[in-house]
Amino acid sequence: EVYHLSPEKGDISIKNLVKMICDMMGYDFESSTKIDGENFGQDEMYSLNSEKALEELGWESIISLSEIGYLS
C-alpha cells in the first residue's frame, strides 16, 4: 500500500511542499528542481492528501505547517 502523509488535514501541492523544504534548507527552488516538460503548468494540481492514512491507519498530523510559520 501507498500512504501519503501530508503536513495538514487539508491538501498541499507537492510543488509548494518542495518550495518550503528548499527554503528551510537554504536552497533556491528554481535551481534545485527540474520541471518535467510533460507536466508543465500542472504542478499546482498535484497534491498530497492524507485521507487514506487517516482512515485506514488512524494517522494524524501533530504539528501543522502554519504552526511553524510556513503556511498562513
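1. Quick ground rule before anything else: a salt bridge here is a side-chain nitrogen of Lys or Arg within 4 Å of a carboxyl oxygen of Asp or Glu. Bear in mind, too, that we're looking at a predicted model.

2. With that rule in hand, the tally is 1 salt bridge. The partners are Lys 52 and Glu 1, whose side chains come to 2.5 Å, N to O. The pair ties together distant parts of the chain, 51 residues apart: Lys 52 belongs to helix H3 (residues 51-57), and Glu 1 to the segment before strand E1 (12-13).

3. How exposed are the two partners? Glu 1 has 76% relative accessibility, so it counts as exposed, the bar being over 50%. Lys 52 is only partly exposed, because its relative accessible area of 29% falls between the 20% and 50% limits.

4. Lys 52 turns up again at an aromatic ring. Its charged end sits over the ring of Tyr 3, at 4.9 Å from the centre. So when you look at Lys 52, check both Glu 1, its salt-bridge partner, and the ring of Tyr 3 beneath its charged end, since a charge counts as over a ring within 6 Å of the centre and within 35 degrees of the normal.

5. There's another lysine over a ring: Lys 19 lies over the face of Phe 29, 5.4 Å from the ring centre. What about rings against rings? How many aromatic pairs does the structure hold? The count is 0.

6. On the overall layout, I get 3 helices and 2 strands in the protein chain. Reading from the N terminus, the order is β-α-α-β-α. Of the contacts between residues at least 6 apart in sequence, 80% join residues at least 24 apart. The Lys 52 and Glu 1 salt bridge also links distant parts of the chain.

7. Now the surface. Buried residues account for 19% of the 72 residues in the chain. The accessible surface is about 5,500 Å², and carbon and sulfur atoms hold 52% of that.

8. One surface spot to look at is a nonpolar patch formed by Ile 21, Met 24, Met 25 and Tyr 27, which together have about 430 Å² of accessible area. Of these residues, Ile 21 lies in helix H1 (residues 14-25). Why can Ile 21 belong to a patch? Patch residues need over 30% relative accessible area, and Ile 21 qualifies on that score because it is partly exposed at 37%.

Key: Residues numbered from 1 in each chain as written. Predicted model: local features only at pLDDT ≥ 70, side-chain atom pairs only at ≥ 80, totals over all residues. Heavy atoms only, no water. Helix = DSSP H or I, 4+ residues; strand = E, 2+ residues; numbered from the N terminus. Buried < 20%, exposed > 50% of the residue type's maximum accessible area, 1.4 Å probe, protein only. Contact = heavy atoms within 4.5 Å. Areas by Shrake-Rupley, 256 points an atom, 1.4 Å probe, with all protein chains shown as cover. Patch = residues over 30% accessible without salt bridge, like charges linked within 9 Å, V, L, I, M, F, W, Y side chains within 5 Å. Phe/Tyr/Trp six-rings, centres within 6.5 Å; stacked < 30°, edge-to-face > 60°.
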